[in-house]
Amino acid sequence: MRYVLINDTSSTNNPGCHATVGALVNLLSDFGGTLVNRIQVGEGYGRFVGFTDHVTSAKERQPLLISMADYVASWMGRKSDDVVPPSVRRSFESSVDRLQRDYPDVTDGCDVMVINGEGTLHHDRAGAFLLLGWARYAERAGLPVAIVNATIDAMSDAFWRLLPDNVETLVAREPLSYEFCRSRRRNVVQGADAIFACPTLNPV
């Protein structure tokens with residue numbers, strides 16, 4: 001399995017991040033993974049700063065539209081999470097377009113995209129939607145995605161509505177995130193933070 005690692009936090013000055021990413025890469029290696037490429041934490045961030053404002057304004061301006069879309073989806077036998085307000089979808093896809101333009105070769109030679117969730121997926125922050133954008137990038141490239149080592153909390157419906165189907169695995173690193181995700185996504189499992197696999201005397 002050849003993979004690209006997204007949200008590599010080992011470039012920060014936080015020793016815990018160094019240890020976590022090192023342990024994650026070692027774990028993937030133990031299961032036959034070969035690291036082909038890595039995207040450092042924050043790369044592509046600017047493409048999604050405006051999108052978070054758009055999500056907030058859409059929630060404020062279009063509650064009736066969203067409720068009507070949910071109703072129509074239910075009437076048609078579809079999940080309400082399949083329905084996204086068109087303006088939000090367009091803004092998201094435009095952000096992914098810019099990501100794809102600025103980082104054209106990220107998935108070359110890879111079989112899967114591994115996204116390090118770490119402490120990023122919460123409260124509708126731009127960094128959270130950036131990781132969602134990387135998952136959509138992979139979907140366009142025909143690659144499956146695994147989001148691992150994740151704490152996920154207080155994400156709006158827009159996040160779950162836009163989460164691509166190619167996210168085959170979502171690993172929550174503690175029980176609160178697991179319970180939060182389990183009612184919204186079926187392919188969620190709970191697993192300890194990767195740092196617990198870090199060798200005590202050789203963390204990096």
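In this predicted model, the side chains of Arg136 and Glu139 meet in a salt bridge, with a nitrogen-to-oxygen separation of 2.8 Å. The two residues are 3 apart in helix H5, so about one helical turn separates them, and Glu139 is partly exposed at a relative accessible area of 28%. The pair belongs to a network of salt bridges that links Arg89, Glu93, Asp97, Arg136, Glu139 and Arg140, and a search of the whole structure finds 11 salt bridges. Helix H5, which spans residues 126-141, also takes part in a right-handed β-α-β unit together with strands S3 and S4.

**Charged pairs**

- Side chains of opposite charge can pair when their charged atoms come close.
- Within the network that includes Arg136 and Glu139, the side chains of Arg89 and Glu93 meet in a salt bridge of 3.4 Å, taken from N to O.
- Arg89 and Glu93 both lie in helix H4, which covers residues 86-102, and they are 4 residues apart, about one turn of that helix.
- The two partners fall into separate accessibility classes, because Arg89 is partly exposed with a relative accessible area of 30%, whereas Glu93 counts as buried at 15% relative accessibility.
- A further salt bridge joins the side chains of Arg101 and Asp102 at 3.2 Å, N to O; here Arg101 counts as exposed at 57% relative accessibility, while Asp102 is partly exposed, with a relative accessible area of 32%.

**Glu118, a charged residue without a salt bridge**

- Glu118 is placed in strand S3, a strand in which 10 of the 11 residues are buried.
- Glu118 is itself buried, yet it has no salt bridge, and the nearest side chain of opposite charge, that of Arg173, is 5.2 Å away.
- A salt bridge requires a side-chain nitrogen of Lys or Arg within 4 Å of a carboxyl oxygen of Asp or Glu, and therefore the 5.2 Å separation between Glu118 and Arg173 does not qualify as one.
- Arg173 is nevertheless among the residues that Glu118 touches when neighbours up to four places away in sequence are left out, and the other contacts are Thr9, Cys17, Thr20, Val21, Val148, Asn149, Ala150 and Thr151.

**Strand S3 and its partners**

- Strand S3, made up of residues 112-122, is mostly covered, and it pairs in the parallel sense with strand S1, residues 2-8, over 4 bridges.
- Two of the residue pairings between S1 and S3 can be named: Val4 has Met113 as its bridge partner in S3, and Tyr3 has Val112 as its partner in S3.
- Strand S3 is also joined by 7 bridges to strand S4, residues 145-153, and these two strands run parallel.
- In the pairing of S3 with S4, Leu121 stands opposite Ile152 of S4.

**Strand S1 and its second partner**

- Strand S1 is mostly covered as well, with 6 of its 7 residues buried, and it pairs in the parallel sense with strand S2, residues 34-40, over 6 bridges.
- Tyr3 has a bridge partner in S2 too, namely Leu35, in addition to Val112 in S3.
- The chain passes from S1 through helix H1, residues 15-30, to S2, and this β-α-β crossover is right-handed.

**The chain as a whole**

- The secondary structure amounts to 7 helices and 6 strands, and from the N terminus the elements follow the order β-α-β-α-α-α-β-α-β-α-β-α-β.
- Of the 204 residues in the chain, 49% count as buried, and the chain exposes about 10,100 Å², of which carbon and sulfur atoms supply 53%.
- Among the contacts between residues at least 6 apart in sequence, 74% join residues that are at least 24 apart.

Methods
Residues are numbered from 1 along each chain as its sequence is written. This is a predicted model: local features need pLDDT of at least 70, side-chain atom pairs count only at pLDDT 80 or more; totals for chains, interfaces and linings use all residues. Side-chain values use heavy atoms; hydrogens and water are left out. Buried means under 20% relative accessible area, exposed over 50%, partly exposed in between (1.4 Å probe, protein chains only). Two strands pair if DSSP finds at least two bridges between them. A crossover is right-handed if, with the strands pointing away from the viewer, the path from the first strand over the helix to the second runs clockwise. Contact means heavy atoms within 4.5 Å. Accessible areas come from the Shrake-Rupley method with a 1.4 Å probe; for residues, only the protein chains shown count as cover. Lys and Arg count as positive and Asp and Glu as negative; His and the chain ends are not counted.
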